[in-house]
Amino acid sequence: MKRIEGPEKVTGRAHYACDVRLPGQLYARVLRSPLPHARITRIDAARAERLAGVHAVLSSANAPDISWYEESRLFDRTLRFIGDELAAVAGESEEIAEDALRLIEVDYEALPCAVGLEDGVRGKPQLQRRGDIDNGLREAEVVVDAVYTTQTALHNALEPHGCTAHWEDDSLVLHESTQGIFAVRDEVAEKLGMPKERVRVITQHMGGGFGAKQIAWKHSVIAALLAKRAGRPVQLMLEREAENLAVGNRNATRQRVRLGAKRDGTLCAIDVHILVQSGAYLVGGEDSDVIGAYQTLYRCPHLRAEQVGVRTNTGPAVAFRAPGHAEAIFALESAMDELSRALAMDPIELRLRNYATEDQTKGKPYTSVDSLRRCYGQVKAAFDWPERRMGQGSKKRGIGFAAHDWAGGGGWPPAEARVEVADGAARVVTATQDIGTGTGTALCQIAADELGLPAERVSIVLGDTREGLYSPTSAGSATLATLGPAVRMAAAKAKKSGRGKGSRVKNPKDKSIRTCGAQCVEVEVDTETGEVRVLRVAAAHDCGRVINPVLVESQVIGGITQGLGYALSEERMVDACGLVLNASLEEYKVQTAADGPQLVNATQSMPDWEANATGAKGIGEPPLIPTAAAVANAIFDAIGVRVRDLPCKRERLIG
Amino acid sequence: MSVPLESVTLRVNGAERAVRVEPRRTLLDALRLDLGLTGAKKACDMGNCGACTVLLDGRAVYACLLLAIDCAGREIATVEGLHDDPLQRAFIEADAFQCGFCTPGQIMSLKALFSRTPAPSDEEIVRAVSGNLCRCGAYRNIVRAARIAAGRR
Ligand code: FES
Ligand code: FES
């Protein structure tokens, strides 16, 4: 079945937060710190306020004192990174708002700053242990000991963060570009000291989030305050530069990894020490559990995994498609490849030797114990592993493999849904949001299945907190596995009585749910120029029952595409003063149509009935996770150079 | 600092539309704000992404890089002017989008190609959309959609 919102999206009728047009609407811009660490000694916005066409100005001089980010404020007198918010203006156009920003006079007292991962302030270590790591390392016959680093990556969703805010008497309506309308509602209400019921958040369509839009950011409250002050609706969309400074990034990491194994490949020790760059603030929703994958992907009796967050005067980190796991899997799966070379063992064989059947962090078996094994088989067949073709001249070819697991995808109860049936048609009512993954389409299919109706006869209402039906934030690849069972229950009731409400029951107690998968990559490396061309990628992922193969395939190819950017070209560059040098889509290199390798999606439906009543699990994040490691492993196979630092830049391959 | 407005008549999707804008207003803002045509999107506002692509006298252009007043008398076409176009149908069929934010721009870039070259090769298709970023990574299906519209499956 095709996406139900397709006709809206191909005609321009799909309305995003930036497309809202209300009578008298104003446009806002935010003034940001030009210094990485400073105190404001004077701020004077009088000239901005007098500019014709300006209707409201906010700064620390006149804004309500609202606490934000731990010890900070909405407009703090201390600025902690280049891009930190310090004032905002609403005017009759974006141009006028920008003119006004230039009239705001600010004096600063510069403070010392720390920019790099190694220079920042280290937080308290998070430590996980299992068995006795010293014993494990003593038992090992082969040890891989290496340091890997991953870069700061920028989400760069095409639609920037932003909203349109307007007041209806004492109630606030926010058209927001968000992955979590309830998260925004609750946070904005709390910050403004209002009851939640008087804040309504609407997201009909949103132009990409990838994790960066899973929390409420300052702009929503700023827009609400400006709208109140001006007495008119205010639209505040971030410019691309601000988008790349202030509203999240994938944290850089430094990971020292020691893997110990027996000659037959059995792992006996995993020891990792990880630094994670949090940036200037803990914003909530970072969830960068880098040590997570080390604890679960392979069976291993002795483990020590330590993670330390590092504060720097750079933009704050936030979740980015499989936060923590994408970083960890690059290092772990590169190290596993190094181990397989040291043992002269096929990399897939090495993984099978260490197959985990239970969640070792909880001591519980997985619901679908065999799914990862099946993914190995599917991807191997689709790729024809380990067949390789020959390169020519300076162009060498190689193949690489990487696996992954992911704690997400199993669903996050609670959630509610309603189904109404009349005249051979049904309406699903939820208050989840469709962030471009096709949630709405899949939920219609689930209802149609249960009701025995053709899917075209089912419509869906979503993206409005006013419906009052709670849904969690679209994160952790959890939306379908959370909402699907609630919709199914509602549909079953509606089948009998024309109308039914369903709620998501809890996840099973005695089992652990995971998603997982594996990818194979073939690259061609030009040993003269260092250019890496990815020729093909095959992927197999466990997302439980495939409800809609078209949507699953789009998630898989989209995730791999982002994963290739992470592997090869994406990197936020920051100078010694904390200035981001590539905060634009020209200089921050995301993949383009011209980069496209052959992508083969070998994902098969593997219903996980123990996980939930639809058998389906998430697929949003997983396809990005193993790509970078598989690319790096393929590069080693091609030219014998081990890239331990992402991205795999040319200068790292030759020289 | 208040800037006088200028009157300009834009010919959009075959209709004359008069607007009064600041001379510095871009064609993109004139379309999105003054004319309420929000299909073309603003994602970078500096010519780097293609989300704002429209046709100017049949050629695909970044509307964020043009001034509205410079477009008087030219033929402007936006996604709103397409009606059941084979490209639109093909985009749905091939699932050539996820969030859909880049979609109007992708379609207009291809529209320009197809009006010159009704049955373009893969290479020509890729070149036509190589200035249109899709952060959701739908490229493979965008190319597939164009192939379908070109009569190849
Ligand atoms: S908005 Fe015009 S190219 Fe990006
Ligand atoms: S579909 Fe989301 S940017 Fe292209």
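Visitor: How much area is buried between domain 1 and domain 3 of chain A?
Guide: About 1,300 Å² in this predicted model. Carbon and sulfur atoms give 52% of that area.

Visitor: Which three residues supply the most on the domain 1 side?
Guide: A:Gln179, A:Phe182 and A:Arg200. Together they supply 44% of what domain 1 of chain A buries against domain 3 of chain A.

Visitor: How many residues does each domain put into that contact?
Guide: Domain 1 of chain A gives 17 residues, and domain 3 of chain A gives 16. The C-alpha centres of these two domains lie 32 Å apart.

Visitor: How many salt bridges cross there?
Guide: The rule finds 1 between domain 1 and domain 3 of chain A. A:Asp464 pairs with A:Arg200, and their closest N and O atoms are 2.7 Å apart. A:Arg200 is also one of the top three residues for buried area on the domain 1 side.

Visitor: And how many polar contacts?
Guide: 7 residue pairs between domain 1 and domain 3 of chain A, with both residues at pLDDT 80 or more.

Visitor: Which elements of domain 1 give two or more residues to that side?
Guide: Helix H5 (181–192) and strand S14 (199–202) of chain A. By class, the domain 1 side has 7 nonpolar, 7 polar and 3 charged residues.

Visitor: Where do the domains of chain A run?
Guide: Domain 1 covers 6–35 + 37–112 + 156–246. Domain 2 covers 126–153 + 249–409 + 511–652. Domain 3 is 416–503.

Visitor: Switching to the two chains. How much do chain A and chain B bury between them?
Guide: About 4,200 Å², with 57% of it on carbon and sulfur atoms. Chain B brings 43 residues to the contact and chain A brings 58.

Visitor: Which three residues of chain B supply the most area?
Guide: B:Gln98, B:Arg135 and B:Arg140. They supply 20% of the area that chain B buries against chain A.

Visitor: How many salt bridges between the chains?
Guide: The count is 8. One of the salt bridges joins B:Arg24 and A:Asp99, at 2.6 Å from N to O. There are also 26 residue pairs in polar contact between the chains, both residues at pLDDT 80 or more.

Visitor: Which helices of chain B give two or more residues to the side that touches chain A?
Guide: H1 (27–34), H2 (86–93), H3 (103–116), H4 (122–129) and H5 (139–149). H2 of chain B gives the most, with 4 residues.

Visitor: What is the mix of residue classes on that side of chain B?
Guide: 20 nonpolar, 11 polar and 12 charged.

Visitor: How many aromatic pairs over all chains?
Guide: 9 by this rule. One of them is A:Tyr16 with B:Phe101, which is edge-to-face. The centres are 5.0 Å apart and the planes make 85°.

Visitor: Where do A:Tyr16 and B:Phe101 sit?
Guide: Both are in loops, and the pair crosses between chains. A:Tyr16 is between helix H1 (6–11) and strand S1 (26–32) of chain A. B:Phe101 is between H2 and H3 of chain B.

Visitor: Last topic. Where are the domains within chain B?
Guide: Domain 1 is 6–80 and domain 2 is 82–149. Their C-alpha centres are 20 Å apart. They bury about 1,200 Å² between them, and carbon and sulfur atoms give 61% of it.

Visitor: How many salt bridges between those two domains?
Guide: 0. The count of residue pairs in polar contact is 5, both at pLDDT 80 or more. Strands S3 (53–56) and S4 (59–62) of chain B each give two or more residues to the domain 1 side.

Technical notes: Residues numbered from 1 in each chain as written. Chains lettered and ligands numbered in written order. Predicted model: local features only at pLDDT ≥ 70, side-chain atom pairs only at ≥ 80, totals over all residues. Heavy atoms only, no water. Domains from an automatic or database assignment. Contact = heavy atoms within 4.5 Å. Buried area = accessible area lost by both parts, 1.4 Å probe. Salt bridge = Lys/Arg side-chain N within 4 Å of Asp/Glu carboxyl O. Polar contact = N/O pair within 3.5 Å; in protein donor to acceptor, adjacent residues only side chain to side chain. Nonpolar A, V, L, I, M, F, W, Y, C, P; charged D, E, K, R; others polar. Phe/Tyr/Trp six-rings, centres within 6.5 Å; stacked < 30°, edge-to-face > 60°.
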